[in-house]
Amino acid sequence: MMRMAMKQRKVVRRRVDDEGAAAKQLDIVCSDDVAQCSPPRVGIEIKETNDNVFTKTRFGVCLVLACFGFLSRGILARLDHSFVMSRKGVHKSKSNVTHMDLDFWGSLDLKKEILCGKNKCFFRKKKLNGRGRVGYLVGSNSERFKGNPNAAAQREKTWTVAWKLANYLKSKGCNHLYQESPRQVMMDSTALQQFNSRTFRKTHSNHHEPMYTGELLVTVQKVRRAENPFVIKRSGGFTGFKKFFKHFKRHVANKTNEESFVDTFKHDVYATLDAVEDMPLLAADFQFILDDKGHIQQFDLDRVVSGRAIFTSHFNRKFAKNYDDTTALLRKLAVWSAHRQGLGDEVKQLEMRDIRSGKAVVNDPLWNSTVSCEATNVVRELKEGGARNGTRIATQMMAHLVHKVMFDGDKEQRKEPNGSKVCSKFSNGHESFCVFCCM
């Protein structure tokens, strides 16, 4: 009887009232011997009322709204970050690294030695078909955190003037290592991690300052690597010649290529001396690369429109000395090459050659003559992004150089180049420009 009583089961229907809400129908299993009901077993159907559907719908809507609010805050924060960074001069973000940027960094051989100076580094390009004589100059972008938010754009302008100057010198018989005009690319953080520990700024005071930072533009320019390069600086004239002669004796003298080396070197040193007399600012921090064939390669030409040799309050005095040292070195090298070939008459002509002194160059009335408004504007832009301590003479010499290499300056100075307006002269004020005709 007990077993039969325990096996008897009945299903009771009970309405559950949830504080006046709609009731829910539940199938509940009860036992005769147990005064309490057990929870419904698995498989028992639970029927929902309209109130339950409304509750779940309300929960889903709240969940969607919460997700939307979270995403909106993230988007607004990202836009606010982009706006703040743009105020600092960052024109692109990390997410804007293009395929062209990635292709550029992928083309560099980041495992090879990277040569760095004060404001730029030289990266070798990966060898293509066995040729590895090409690389890229990559300008530093860390200056943006030092009060110059437009460093990359400013460097591109400076390097563009250097590119134009290099082509002008090429037309006058000089050689240079530049291959293409400069451009800007976005620094790729992945590539930066591979070389950041090997690229430090080389200055007299600090050799451990990083050259680059991520998520910022950098200026790059394709250049050719010289074969077995040897750098020669003015170094007071005589010291520079001693370094050259020591290099010649060790690597060239009494070898099969000595005759062709001397002949090539003599041609290039003559052309370089003519170029310095034509473009006196080349004497500012003068230096060149000598390759193993005797070619003189011009490089680092942005020094003529930037750098401490130009922007200094003592420009007149320092430049005059630099010019005298540079012309003395070049004259001595030219005399040596002519003497090496046994050309006594050329040696005498070179020794008697009338080369102006640096003081005479600084006081040349040419710097007070006309110059195009386009050249004036270029120089103004260059000075706005860098130091402004240059004297009036340095500014005028820069304007005439830019006028000659960028705006057909070989035409008669008094005429309007390409139909543009011409400034009558620079005013006598310190570092002032004639802006009345350039408005």
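Student: In β13, which residue is the bridge partner of His 176?

Tutor: The partner of His 176 is Gln 298 in β13. Keep in mind that this is a predicted model.

Student: What makes β6 and β13 a pair of strands?

Tutor: Two strands pair if there are at least two bridges between them. Two bridges join β6 to β13 (residues 296–298), so the condition is met. The two strands run parallel.

Student: Where do these strands belong, and in what order?

Tutor: They are part of an open sheet of four strands, in the order β6-β13-β12-β11, with mixed pairing.

Student: Why are β6 and β11 called edge strands?

Tutor: Strands β6 (175–176) and β11 (230–233) each pair on one side only.

Student: How do you know that Lys 120 and Asp 300 form a salt bridge?

Tutor: A salt bridge needs a side-chain nitrogen of Lys or Arg within 4 Å of a carboxyl oxygen of Asp or Glu. The closest N and O atoms of Lys 120 and Asp 300 are 3.0 Å apart, so the pair qualifies.

Student: What parts of the chain does that pair link?

Tutor: Lys 120 is in strand β4 (residues 120–124), while Asp 300 is in the loop between β13 and α8; they are 180 residues apart. Both Lys 120 and Asp 300 are buried. Along with Asp 302, they are linked in a network of salt bridges.

Student: What makes Glu 346 and Lys 266 a salt bridge?

Tutor: Their N to O distance is 3.6 Å, which is within 4 Å, so the pair counts. Glu 346 lies in helix α9 (residues 344–352) and Lys 266 in helix α7 (residues 258–278), so the bridge ties together parts 80 residues apart in sequence.

Student: Are those two residues buried or partly exposed?

Tutor: Buried means under 20% relative accessible area, and partly exposed runs from there up to 50%. Lys 266 has 13%, so Lys 266 is buried. Glu 346 has 25%, so Glu 346 is partly exposed.

Student: How do the same cut-offs sort Asp 364 and Arg 356?

Tutor: Asp 364 is at 16%, under 20%, and therefore buried. Arg 356 is at 34%, so Arg 356 is partly exposed. Their side chains meet in a salt bridge of 2.7 Å, N to O.

Student: Why is Lys 318 called partly exposed?

Tutor: Its relative accessible area is 40%, which is between 20% and 50%, so the term applies. Lys 318 lies in helix α8 (residues 315–340).

Student: Which residues form a positive surface patch with Lys 318?

Tutor: The others are Lys 118, Lys 233, Lys 243, Arg 308 and Arg 317.

Definitions and conventions. Residues numbered from 1 in each chain as written. Predicted model: local features only at pLDDT ≥ 70, side-chain atom pairs only at ≥ 80, totals over all residues. Heavy atoms only, no water. Patch = residues over 30% accessible without salt bridge, like charges linked within 9 Å, V, L, I, M, F, W, Y side chains within 5 Å. Areas by Shrake-Rupley, 256 points an atom, 1.4 Å probe, with all protein chains shown as cover. Lys, Arg positive; Asp, Glu negative; His and termini not counted. Charge placed at Lys NZ, Arg CZ, Asp CG, Glu CD. Buried < 20%, exposed > 50% of the residue type's maximum accessible area, 1.4 Å probe, protein only.
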